[in-house]
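Trainee: Could we go through this model together? I would like to learn how to read it.

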Amino acid sequence: MAPARALLHPAAKPLVFVLALLPLAWLVYGAVTDNLGANPAEYLVRSTGDWTLRFLCLTLAVTPLRVMAGLPPLARFRRMLGLFTYFYVVLHFLSYGLFDQAFDFTEIAKDIAKRPFILVGFTSFVLLTPLAATSFNRAIKAMGAKRWQALHRIVYVVAPLAILHFFWMRAAKNNFGEVAVYAAILAALLGWRVWNRRRGAGVAARTQPTGSRLS
Ligand code: HEM
């Protein structure tokens, strides 16, 4: 089947939805079967952080892939992937809140103020919230395409903050290999957008607000 036809298949979206839930299913299975290593709480906080970053990369990869591969139907998946980014960051925050702070919101507030890497992670979480909240067609209509696009440029702040959060966390262990890989991927994806806009070929991408979120 040609890629464009496969992407337009009625089962394509449900399939992506199920695939995006697999990391959560894997974590739940690991928790239930006691298979999350010596420190399950840490494992859950870290894996949900990793999946947030992976979904952010996937969401931001949709437009460059769509344009470069000439596959307009790819745009159908962008909103869902963006919302899954938010879904995993909510799980990440909840895992931290539950396992590190026992949902004591005073302690959470103190920790955010005290530890810079938590503050940076929390800031990127807060900044992602309006992007997730305005990812629906009604919000796009109400805001108008221009304002919606301007708001969604917040992702240019969210991505570096997410990398800084990861970098800061790994700095204690002097372990920057994975951080460098994610930083390079996100820099390439955001750099492509800037380049594409400058060369003027980004018009189509920028004037098609429907179906695209977080980018
Ligand atoms: C877009 C937002 C965020 C992203 C992309 C993100 C991503 C990550 C990543 C990739 C890790 C490291 C995982 C690993 O070592 O494999 C991590 C760890 C962590 N993050 Fe986040 N995070 C975000 C927001 C937050 C928020 C809002 C909080 C809490 C307020 C938070 C708290 C933590 C904690 C406690 C750790 C683990 C630290 C440790 O085990 O030493 N993060 N995060």
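Trainee: Which residues are the protein donors of the iron atom of the ligand?

Mentor: Happy to help! This is a predicted model, where local features need pLDDT of at least 70, side-chain atom pairs count only at pLDDT 80 or more, and totals for chains, interfaces and linings use all residues. Residues are numbered from 1 along each chain as its sequence is written, and side-chain values use heavy atoms, leaving out hydrogens and water. Donors are N, O and S atoms within 2.8 Å of the metal (3.2 Å for Na, K and Ca). Lying 2.0 Å from the iron, the protein donors are His 92 (NE2) and His 165 (NE2).

Trainee: What arrangement do the 6 donor atoms around the iron make?

Mentor: Six donors count as octahedral if opposite donors are over 155 degrees apart and all others between 65 and 115. Here the angles run from 88 to 179°, which makes the arrangement octahedral.

Trainee: How many residues apart in sequence are the parts that this histidine pair ties together?

Mentor: His 92 lies in helix H4 and His 165 in helix H9 (residues 155–171). Helices are DSSP runs of H or I with at least four residues, numbered from the N terminus. The pair therefore ties together parts whose separation in sequence is 73 residues.

Trainee: Is Asp 111, the salt-bridge partner of Arg 115, buried or exposed?

Mentor: The salt bridge (a side-chain nitrogen of Lys or Arg within 4 Å of a carboxyl oxygen of Asp or Glu) has its closest N and O atoms 2.9 Å apart. Buried means under 20% relative accessible area, exposed over 50%, and partly exposed in between, with a 1.4 Å probe and protein chains only. At 6%, Asp 111 is buried.

Key
Four donors count as tetrahedral if all angles lie between 85 and 135 degrees; four count as square planar and six as octahedral if opposite donors are over 155 degrees apart and all others between 65 and 115; anything else is irregular. Helices (H or I, at least four residues) and strands (E, at least two) are DSSP runs, numbered from the N terminus.
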